[in-house]
Amino acid sequence: MTDPDATTVDVVLPCLDEARALPWVLERIPPTWRAIVVDNGSSDGSGAIASTHGATVVYQPERGFGAACQAGLLAAEAEFVCFCDCDASLDPGLLPAFVREVAAGTTDLVLGRRRPQGHGTWPLHARAGNLALSRMMRRRTGLRLHDLGPMRAARREPLLGLGLTDRRSGYPLQMVVRAADAGWRVSEIDVPYLPRTGRSKVTGTLRGTWQAVHDMRAVLAEPPLTAPASGGAGAR
């Protein structure tokens, strides 16, 4: 079994005003891994705090969750790349299990299935929207997934080969849809979903929720890839 602590891994952490959460998040990155914090226009000193805690900081002036994630992916150099939110709602210390599955060749993309811890952690409207989205994605791709959360792991070069173009809220969904179109095996691991630090930029506002729905519908309407990108060893 591959030891994830001895594997080259970069962790992409999209960040917008997460100064309060960053120390907790960065302390949980495995010590031999590299944290890439992508500052997406923070006004609270997030970039400086991340640098102080040993992270590589990338500044992405183009606003959008997808823009931040893609900037981090392009800055990554390791064989394996993980993604995780920077708001302390997800523990990056759990990511070695994700990398272990990909490195072993049993899957090509691992997603964290969020399990809310405590009342109000995951608002009902957001949970219902996620469920509806999962069902629409199942009809589009055939993948029987329960969550499209932001915590995930895959090999870097195949991820780049997917040619992801969404730069807003549709990025996580587009990654899964294009992976499915390319014949990747996609699996889930249950992860605790903790109360986030600060207000959500998506489900915390009506504008953010509407934009996310709009972006994800656009992704689901895209035609399948014409030239599938291999997920690496073990892709079907």
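In the predicted model, residues 24 or more positions apart in sequence account for 77% of those contacts in the protein that have a separation of 6 or more. The protein has eight helices and seven strands, and buried residues make up 53% of its 236 residues. The accessible surface comes to about 10700 Å², and carbon and sulfur atoms contribute 54% of this area.

The largest nonpolar core has 35 residues, and those with the most contacts inside it are Phe83, Leu109, Met137, Leu159 and Leu173. At least two residues of this core are supplied by each of β2 (34-39), α3 (65-75), β4, β5, α5 (124-141), α7 (171-181) and α8 (206-220), and the largest share, seven residues, comes from α7. A second core, separate from this one, has 31 residues, among them Val9, Leu13, Val37 and Tyr193. When neighbours within four places in sequence are left aside, Leu109 of the largest core is in contact with Arg152, Ala153, Ala154, Met175, Val176, Ala179, Trp184, Arg185, Val186 and Ser187.

Helix α7 is largely enclosed by the rest of the structure, because 11 of its 11 residues are buried. The buried residues of α7 include the nonpolar Leu173, Met175, Val176 and Val177, but also Gln174, Arg178 and Asp181. Of these, Asp181 forms a salt bridge with Arg140, in which the closest N and O atoms are 3.0 Å apart; since Asp181 lies in α7 and Arg140 in helix α5, the pair ties together parts that are 41 residues apart in sequence. Just after α7, Gly183 takes a positive phi of about 85°. On the other side of the helix in sequence, Ser169 is found in the loop between α6 (156-161) and α7, where a relative accessibility of 14% means that Ser169 counts as buried. The C-alpha atoms of Ser169 and Ala67 are 9.4 Å apart in space, although the two residues are 102 positions apart in sequence.

In helix α4 (95-103), the buried residues are Leu95, Pro96, Phe98, Val99, Val102 and Ala103. These residues lie on the same side of α4, because they cover an arc of only 155° around the axis. Such an arrangement can be read against the geometry of an α-helix, which has 3.6 residues a turn, so that residues three or four places apart point the same way. The buried residues of α4 pack against five strands, namely β1 (9-15), β4, β5 (109-116), β6 (152-155) and β7 (186-193). Just after α4, Gly105 takes a positive phi of about 80°.

A search of the whole structure finds nine salt bridges. In one of them, Glu79 is paired with Arg155, the closest N and O atoms being 3.4 Å apart. This pair links distant parts of the chain, with Glu79 in the loop between α3 and β4 and Arg155 in strand β6, 76 residues apart. The two partners are not equally accessible, for Glu79 counts as partly exposed at 41% relative accessibility, whereas Arg155 counts as buried at 15%. In another salt bridge, the side chains of Arg185 and Asp108 meet at 3.3 Å, N to O. Here too the pair links distant parts of the chain, Arg185 being in the loop between α7 and β7 and Asp108 in the loop between α4 and β5, 77 residues apart. Arg185 is partly exposed, with a relative accessible area of 21%, while Asp108, at 1% relative accessibility, counts as buried.

A contrasting case is Asp85, which lies in the loop between β4 (80-83) and α4. Asp85 is buried yet has no salt bridge, and the nearest side chain of opposite charge, that of Arg114, is 5.9 Å away; this distance is to be set against the 4 Å within which a side-chain nitrogen must approach a carboxyl oxygen for a salt bridge to be counted. Apart from its neighbours within four places in sequence, Asp85 is in contact with Leu13, Val25, Phe65 and Pro150.

Conventions. Residues numbered from 1 in each chain as written. Predicted model: local features only at pLDDT ≥ 70, side-chain atom pairs only at ≥ 80, totals over all residues. Heavy atoms only, no water. Helix = DSSP H or I, 4+ residues; strand = E, 2+ residues; numbered from the N terminus. Buried < 20%, exposed > 50% of the residue type's maximum accessible area, 1.4 Å probe, protein only. Lys, Arg positive; Asp, Glu negative; His and termini not counted. Contact = heavy atoms within 4.5 Å. Arc of directions from axis to C-beta. Areas by Shrake-Rupley, 256 points an atom, 1.4 Å probe, with all protein chains shown as cover. Core = buried A, V, L, I, M, F, W, Y, C linked by side-chain atoms within 4.5 Å.
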